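I open this notebook to record what I looked up, going from single residues outward to the whole chain.

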Amino acid sequence: MKPFICSDFLLENDTGKTLYHDHAAKMPIIDYHCHVSPKDIALDVNLENITNAWLGGDHYKWRMMRACGVDEKYITGDSSDKDKFLKFAESLPKAIGNPLYHWTHLELKRYFDCDLILSPENAEKIRKICNERLSQPDMTVRGIIKKSGVTHIGTTDDPIDTLEWHKMMQDDPTWDVNVFPTYRPDKAINIEKPGFAEYLRALSEASSININSFDDMCSALYNRMDFFALHGCNISDHGADYIPWSDDPENIARAVFKKALEGYVPDNRETDAYKTAILLRLAEGYAERGWVMQIHYGVARSVNSIMFNKLGPDTGFDCISTRDSSAALVRLLDEVNRTHALPKTILYSLNPNDDALLACASGAFQDSRAPGWVQHGSAWWFNDTKEGMAAQIKNLASMGVLGNFIGMLTDSRSFLSYTRHEYFRRILCNIIGVWVENGEYPADMEFLGKMVEDISYNNVERYLGL
């Protein structure tokens, strides 16, 4: 029996152990998609205490606590930080098989030098150890980033953002981690959602373009792309519930846009036409600028209306959507590609049943300008579990080219989440090790070691032009 989270954690064969310890473990981290605050990095804030660091904004943990019957006052309510932490400690031991259990203890080990197991009995001792460590000058946000070996961070930013915090970091000679913005125009795309007309007014002000038509909207979005590019951006992201498609998008989009300016809520056909038209225009803009386009889809958001009305979005009440976007996705990619405007593209679905689709669809739209021009992105959200990561890796390997994969990201709001890269790398090395030791691939350790290093870091560095 192995000790809990020992040096060979998740590594079940000698080849995997060698690949991880001699290659993957030494590689730095590019966290090219996350939701951490650039302001917090720019100001080098202190996380104050372990409750803020672990439970502030982390809906993975909130969902787990709710499933254990914890009252909302201990999750997002006004209970003390101590009481919230203790409730988390009561809940976590029940979460066997959940990656939260592994991530929590990896973070205790890597950031707090703490080998204790979080439980009600140890909770107060662990809380004191963590809070004392977080009070040290090397455990500010920047200190944690440096301790984690992170060289680049891609934050998630709205087109109307001033990017003032990114500029502050870029002008700071004492800070050598590249924190770059990611262009996330969801609010300009979601024409059917409340606040669309108000958002257009904010976009008009940010771009200094008076938005009265669909073409004005596109001009404003392009204007903001250029502004983002000045601050180091070369990647976009789209958080779509599903992939839209319409055969005649622009004519419908122009008409419905005019009505939406006055508060009209479009029907499903109009919504799909508008979203198709704006995505095609955005993809063209990305291609012209040499940007990467990310598309995340397959989610049903805020399905619990009572809790949405109490707490708002992004509070742990989303789930997997089984809506079939396969036809729409390939139509969209084909239309963009047909006009020679398909940018480098990374595709993610929250529905694990889409893994095979994404692996084979990406293979239909490759380009000689770069290996892995269209990528099946890493296991996303509810899929970034041990089994989910392994399934994504195996699907990509069996239907695509694993050696071109650009690897893991945190997709997290927490500055302690970089251990997810370690988790992914261990799983990757173990899978490759199994194939080698089963006689399914030659034991060429020099080549395999380089491949593991590439997937861990080098591929995404080249892919994003960093």
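Entry on Lys187. I began with the contacts of Lys187 and found that, leaving aside residues up to four places away in sequence, Lys187 touches Asp158, Phe196 and Tyr199. I note here that I am working from a predicted model. For one of these partners, Tyr199, I looked up the spacing: Lys187 and Tyr199 are 12 residues apart in sequence, and their C-alpha atoms are 7.0 Å apart in space. I then placed Lys187 in helix H10, which covers residues 186-189. Is Lys187 buried or exposed? With a relative accessible area of 53%, Lys187 is exposed, because the cut-off for that class is over 50%.

Entry on His231. I next turned to His231, which I located in the loop between helix H12 (214-230) and strand S4 (235-239). His231 has a relative accessibility of 10% and therefore counts as buried, the limit being under 20%. Its contacts, again without residues up to four places away in sequence, are Leu163, Lys167, Gln170 and Pro181.

Entry on the nonpolar cores. Which residues have the most contacts inside the largest nonpolar core? I found Ile41, Phe112, Ile145 and Ile153 in that role, within a core of 94 residues. Helix H19 (residues 419-437) gives this core its largest share, namely eight residues. I followed Ile41 further and listed what it touches beyond four places in sequence: Val36, Val141, Arg142, Ile145, Ile153, Met169, Trp175, Val179 and Phe415. A second core, separate from this one, has 53 residues, and I noted Phe196, Leu333, Leu347 and Ala370 as being included in it. Phe196 had already come up in my notes as a contact of Lys187.

Entry on the whole chain. I counted 20 helices and nine strands in the protein chain, and I recorded that buried residues make up 58% of its 466 residues. The C-alpha trace spans about 65 × 55 × 45 Å along its principal axes. I also checked the radius of gyration, which is 23 Å and so agrees with the value near 23 Å that a compact globule of 466 residues would have. Of the contacts between residues at least 6 apart in sequence, 77% join residues at least 24 apart.

Entry on surface and charge. The protein chain exposes about 19300 Å², of which carbon and sulfur atoms supply 50%. I closed with the charged side chains, of which 49 are positive and 66 negative, the centres of the two sets lying 3 Å apart.

Key
Residues numbered from 1 in each chain as written. Predicted model: local features only at pLDDT ≥ 70, side-chain atom pairs only at ≥ 80, totals over all residues. Heavy atoms only, no water. Helix = DSSP H or I, 4+ residues; strand = E, 2+ residues; numbered from the N terminus. Rg over C-alpha atoms; globule rule 2.2 N^0.38 Å. Buried < 20%, exposed > 50% of the residue type's maximum accessible area, 1.4 Å probe, protein only. Contact = heavy atoms within 4.5 Å. Areas by Shrake-Rupley, 256 points an atom, 1.4 Å probe, with all protein chains shown as cover. Lys, Arg positive; Asp, Glu negative; His and termini not counted. Charge placed at Lys NZ, Arg CZ, Asp CG, Glu CD. Core = buried A, V, L, I, M, F, W, Y, C linked by side-chain atoms within 4.5 Å.
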